[in-house]
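Me: I would like to go through this model by way of its helix contacts, its buried strand positions and its backbone exceptions. Please keep the replies short.

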Amino acid sequence: MTERATPEAGPQGLASRLTDAGALTSDWLPAYQAVLRESFVPDVIWPGVGPADGGPVASIDRRTDPEAWFRAVYSDTSLTTQWDDGNHTGTDRGNIPTCSNSQPAMVFSMLAALDVQPGSTVLEVGTGTGWNAALLSERVGSEHVTTIEFDPENAATARARLDAAGHNPVAIVGDGSQGWPAGAPYDHVLITASLREIPADIIRQTRPGGIIVSPYATEYGGEAVVRLTVQGDGSASGPFVGSSAFMRLRQQRAYRTHVKTYLGGKPWPADGRRTTTSLSPEDAADWLPMFAIGLQTQGMFPYPEKLDGGRYTLWLRDTRVTSWASIDFVPDAEEFEVYQSGPRELWSELTAAHAWWDDQGRADFERFGLTVKPDGTAWAWLDSPEHPVPAVG
């Protein structure tokens, strides 16, 4: 590889930045130093692409620009490595990013939350590029790590990288939402894809007192990492420990119906009932308020339709295809036009959820938590399980 352009580039520079940020702790530093990120990154990458990012994205190819590739690998950013479940080829952007080497700060923050010790048994759901599996193998021993990947191509390339790096965890090609009962019970479970529901199989395969760390997304939007402790009765409960933005577990992806179906073939506003609102769609557009709204609402999701001049229409729809709402955002306006249709008044539900969150001092991610019962029933709470988040709608 060619000479490094700056002293900040490379493993040590990234380690310093992660340590200063509090993400890389002293107990994980030896594993970080032993497992080079560059060994688990392919030649072609798309830096900084998240599930909701749009627009053109420039790829970097190590074969034509090794310096840029090296700088990207040792930056604190996620690296998309696959588009469209592997059906996309070439160096242009695909439609949906479906595999990545995650942002290092997120990787080590989640590993810290997992709280493994040498000899702990660990299940990883979502092998991806193999970097997490290698870090866990270095820390607890390969013989104590099981990693499962749904995509056969990703699994094969990760296996080759793990072998080359001298790590030999149990590597399974299969449905991670079902766990891997042959290796259970596990002391710790790390899930590296976003979930809308914590699979009951995963909880059953974790010993009482064991820890599950997973990104958790609401139907409405917003996402955070939850740290669950499994109880003796088979339930699991714990706090959210910070914001996240992961690709959705394939078995829990949502497939949306076009808004034309909601309008019944009629031009907008069809049978929509007109009102106005003083709540700007912008006040509910960030990741945190979306998360708070999503914890209170059921089966509702948004879509912003961009217009000229900074204007946009926020569409709300329900998953049962019975109700919709549209809210027109105009910069500097004090009131906004709303149309709602169907048995549910979706904008009214959103405003009620937003008002509750506002009344709680605009609670941050870390004040929320989640409890999942053995039958799969789950509820979010604020500050403690004794204070469930109210349901709206």
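**Strand positions, helix pairs and backbone**

Reply: Tyr 339 lies in strand S16, which covers residues 336-341. The model is a predicted one.

Me: What is the mean pLDDT of the protein?
Reply: In this predicted model, 96% of the residues reach a pLDDT of 70 or more. Residues 1-7 stay under 50, and the model has 10 contacts beyond four places in sequence for them. The mean pLDDT of the protein is 94.

Me: Is Tyr 339 buried or exposed?
Reply: Tyr 339 touches Trp 268, Pro 269, Gly 272, Arg 273, Arg 274, Trp 324, Ala 325 and Ser 326, leaving aside residues up to four places away in sequence. Its relative accessible area is 12%. The cut-off for buried is under 20%, so Tyr 339 counts as buried.

Me: How far apart in space are Tyr 339 and Ala 270, C-alpha to C-alpha?
Reply: Ala 270 is found in the loop between H8 and S12, whereas Tyr 339 is in strand S16. The two are 69 residues apart in sequence. From C-alpha to C-alpha, the distance between Tyr 339 and Ala 270 is 9.5 Å.

Me: Which value does phi of Ala 270 lie near?
Reply: Ala 270 is partly exposed, with a relative accessible area of 29%. Ala 270 is a residue other than glycine, yet its phi is positive. The value of phi for Ala 270 is near 45°.

Me: Which residue precedes Pro 269 across a cis peptide bond?
Reply: Pro 269 lies in the loop between helix H8 (259-262) and strand S12 (273-277). The peptide bond leading to Pro 269 is cis, with omega near 10°. The residue before this bond is Trp 268.

Me: Where is Pro 185, which follows Ala 184 across a cis peptide bond?
Reply: The bond from Ala 184 to Pro 185 has omega near 0°. Pro 185 is in the loop between strand S7 (170-173) and strand S8 (186-191).

Me: What is the relative accessibility of Val 321?
Reply: Val 321 is found in the loop between strand S14 (312-318) and strand S15 (324-329). Although Val 321 is not a glycine, its phi is positive, about 60°. Val 321 counts as partly exposed, at a relative accessibility of 34%.

Me: Which residues does Thr 81 touch, not counting those up to four places away in sequence?
Reply: Thr 81 lies in strand S3, residues 79-83. With a relative accessible area of 18%, Thr 81 is buried. The residues touched by Thr 81 are Pro 42, Ile 45, Trp 46, Cys 99, Ser 100, Asn 101 and Thr 129.

Me: How many of the 11 residues of H4 are buried?
Reply: The buried residues of H4 are Pro 104, Ala 105, Met 106, Val 107, Phe 108, Met 110, Leu 111, Ala 113 and Leu 114. H4 is therefore largely enclosed by the rest of the structure. The number of buried residues in H4 is nine.

Me: Why are H4 and H5 described as oblique to each other?
Reply: The axes of H4 (residues 104-114) and H5 (residues 131-140) come within 12 Å. H4 passes H5 in a right-handed crossing. The angle is neither under 35 degrees, which would be roughly parallel, nor in the 65 to 115 range for roughly perpendicular. H4 and H5 are therefore oblique, their axes crossing at roughly 40°.

Me: How many residues of the contact of H4 with H5 are nonpolar?
Reply: From H4, the contact includes Pro 104, Val 107, Phe 108, Leu 111 and Leu 114. H5 meets them with Trp 131, Asn 132, Leu 135 and Leu 136. By class, one residue of the contact is polar and none is charged, while the nonpolar residues number eight.

Me: How is H9 oriented to H10?
Reply: H9 (residues 287-296) is mostly covered, with nine of its 10 residues buried. The axes of H9 and H10 (residues 346-359) come within 9 Å and cross at roughly 110°. That makes the orientation of H9 to H10 roughly perpendicular.

Me: How many charged residues are in the contact of H9 with H10?
Reply: Leu 288, Pro 289, Ala 292, Ile 293 and Gln 296 in H9 meet Leu 350, Ala 352, Ala 353, His 354, Trp 356 and Trp 357 in H10. Nine residues of this contact are nonpolar and two are polar, and the number charged is no residues.

Key:
Residues are numbered from 1 along each chain as its sequence is written. This is a predicted model: local features need pLDDT of at least 70, side-chain atom pairs count only at pLDDT 80 or more; totals for chains, interfaces and linings use all residues. Side-chain values use heavy atoms; hydrogens and water are left out. Axes are lines fitted to C-alpha atoms, for helices over the stretch in contact, and angles run from 0 to 180 degrees between N-to-C directions. Helices (H or I, at least four residues) and strands (E, at least two) are DSSP runs, numbered from the N terminus. Angles under 35 degrees count as roughly parallel, over 145 as roughly antiparallel, 65 to 115 as roughly perpendicular and the rest as oblique. A crossing is left-handed if the near helix is turned anticlockwise from the far one by less than a right angle, and right-handed if clockwise. Contact means heavy atoms within 4.5 Å. Ala, Val, Leu, Ile, Met, Phe, Trp, Tyr, Cys and Pro count as nonpolar, Asp, Glu, Lys and Arg as charged, and the others, Gly among them, as polar. Buried means under 20% relative accessible area, exposed over 50%, partly exposed in between (1.4 Å probe, protein chains only). pLDDT is the predictor's confidence in each residue, from 0 to 100.
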